[in-house]
Amino acid sequence: GACSRSRHGSARPVLVRKSSAALSATYVVGVALAVIGPMVLPANYYFDTATIRDHMETAVTVAYNDSFNNTALLYRGLGFGTLFPHALAGPVSFTAVYLAAVSAAGIARVNWIPWLFALFAAWTVPLAIYDGTYSKEVIALLVTAAMARLSGSGRGVAFAAALGLAYAMLFRTYWGLVIVLWLTMLMVWRMGGGWALRLFAAIAVIVPLSLAAHEFAGLWLSDGRTVVVEARGFAPDPATMFVNPLQNTSPVTDIVNTASGWLMLVLPISLLLLGGLQHVAFGVFQLTNTALFVATQRRASGAGGTDLPKQWRFAAAATFCVAYSLVQGMFEPDFGSFAKHEINLLPMFFYMLVHVARNRAEPDICAAHADARR
């Protein structure tokens, strides 16, 4: 590395932590992707961006569950399109979500672990594409990061849940389902239940929610996927689109369709069979994430000691990942939508990885030189 001179004239190494250098490089590449993406990627990647810009011209007041309207109002309130040019929205949005994810996950404080920082860099690619623009996902990820930071106690979880429900009211009602499943499974964890009991509790809660959805909206929960697929009936079907295996007639079929959708998303073997470069790349990426999630749960009992806030945050993060992806399993019609929405799990997912890996990391370069000086 570079060296400097001490006051006695001897050479002294100037040390740069590998983890800090990797995060800085990843950030720079992410900003570049946010800027270049709209120039080279297909227009359908930026449908939401165009819609938000249109709403920035017409939105007047905050509306219940109107994500485009309310997102446009937020960007306009921050001065985009007036004080600041639209071109700045991408870099600023990406910077906000990148810093939020790094802070909530605590990855900047962990020693150098090559695979961890390589995986974070891989997640940064879709983060820059989907959030490095006018995007509804920016607000969702910032909410998730705040929830991850809050969830260090029972009271903190209550505040996090309130924040999530406020987001559901203003932007996406399905987050209400996520919060209900999250709190249910977290309650089972608090009572000492493992993942089998947590998932059983989630299924038990889905039954009345399914009945309520059918009673008041005329649709079962997983009918959302069917509605989207039918709406695309006159357009060329994306290669990654999939449908419910059963026609919904009861909460039982609703649960089967939800479970099958969930398993297809988190274990995307079908993508590998498609054979396209982007399909195989995302399939391998998702299978890696799923395997790492399972590994963190197996190792969790030996990580974090008796630090109760860390135990709360770890359990809250793991349970939120499952609750959120289960709800995605209810309605996602294709893997493109899944990838865009899954990015919101970045703070929670990497908090788990950092929590488990922290005590297994090799000493970073600074610690190594400190040992050498001793």
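Analyst: Helices are DSSP runs of H or I, at least four residues long, and are numbered from the N terminus. In this predicted model, T58 is placed in helix α2 on that basis.

User: How many helices and strands does the protein chain have?

Analyst: The protein chain has 17 helices and two strands. Its accessible surface comes to about 17900 Å², and carbon and sulfur atoms hold 67% of that surface.

User: What share of the residues in the protein chain is buried?

Analyst: A residue is buried under 20% relative accessible area and exposed over 50%. Of the 374 residues in the protein chain, 50% are buried. Helix α2 offers an example of each class: T58 is exposed, because its relative accessible area is 53%, while M56 is buried, because its relative accessibility is 6%.

User: Which residues is M56 in contact with, leaving aside its neighbours within four places in sequence?

Analyst: M56, placed in helix α2, is in contact with A72, Y75, R76, F80, H86 and Y134 once those neighbours are left aside. A separation in space can also be set beside the separation in sequence. M56 and G77 are 21 residues apart in sequence, and their C-alpha atoms are 9.6 Å apart. For T58 and L73, the C-alpha distance is 9.3 Å, with their positions 15 residues apart in sequence.

User: What share of the contacts with a separation of 6 or more joins residues 24 or more positions apart?

Analyst: In the protein chain, such residues account for 71% of the contacts with a separation of 6 or more. S19, in helix α1 (residues 18–40), can be examined with sequence separation in mind. The C-alpha atoms of S19 and F117 are separated by 7.3 Å, although their positions lie 98 residues apart along the chain. S19 touches A108, V110, W112 and F117, not counting residues up to four places away in sequence. S19 is classed as buried because its relative accessibility is 1%.

User: How should salt bridges be read here, and how many are there?

Analyst: The criterion is a side-chain nitrogen of Lys or Arg within 4 Å of a carboxyl oxygen of Asp or Glu. By this rule there are two salt bridges. One of them joins the side chains of D48 and K340, at 3.2 Å from N to O. D48 belongs to helix α2 (residues 47–58) and K340 to helix α15 (residues 335–342), so this pair ties together parts that are 292 residues apart in sequence. D48 is buried, because its relative accessible area is 15%.

User: Which residue forms a salt bridge with R172?

Analyst: The partner is E137, and the closest N and O atoms are 2.5 Å apart. This pair links distant parts of the chain: R172 is in the loop between α7 (154–170) and α8 (174–190), E137 is in helix α6 (residues 136–150), and 35 residues separate them. Both R172 and E137 are buried; for R172, this class applies because the relative accessible area is 7%. Beyond residues up to four places away in sequence, R172 touches N65, K136, E137, A140, Y167, H341 and N344.

User: Which side chain of opposite charge is nearest to E332?

Analyst: It is R225, at 7.3 Å; E332 is buried yet has no salt bridge. E332 lies in the loop between α14 (308–331) and α15. The side chain of E332 does make a polar contact with the side chain of H341, at 2.6 Å. With neighbours within four places in sequence left aside, the contacts of E332 are R225, F242, L265, S337, F338 and H341.

User: Which residues form the nonpolar patch on the surface?

Analyst: The patch consists of L263, L267, I269, L272, L273, V280 and V284, which together have about 590 Å² of accessible area. At least two of the patch residues come from each of α12 (269–274) and α13 (277–299). The greatest contribution is that of α12, with three residues.

User: Is L272 buried, partly exposed or exposed, and why?

Analyst: L272, placed in helix α12, counts as partly exposed because its relative accessibility is 31%. Membership of a patch requires over 30% relative accessible area.

Technical notes
Residues numbered from 1 in each chain as written. Predicted model: local features only at pLDDT ≥ 70, side-chain atom pairs only at ≥ 80, totals over all residues. Heavy atoms only, no water. Patch = residues over 30% accessible without salt bridge, like charges linked within 9 Å, V, L, I, M, F, W, Y side chains within 5 Å. Areas by Shrake-Rupley, 256 points an atom, 1.4 Å probe, with all protein chains shown as cover. Buried < 20%, exposed > 50% of the residue type's maximum accessible area, 1.4 Å probe, protein only. Lys, Arg positive; Asp, Glu negative; His and termini not counted. Polar contact = N/O pair within 3.5 Å; in protein donor to acceptor, adjacent residues only side chain to side chain. Contact = heavy atoms within 4.5 Å.
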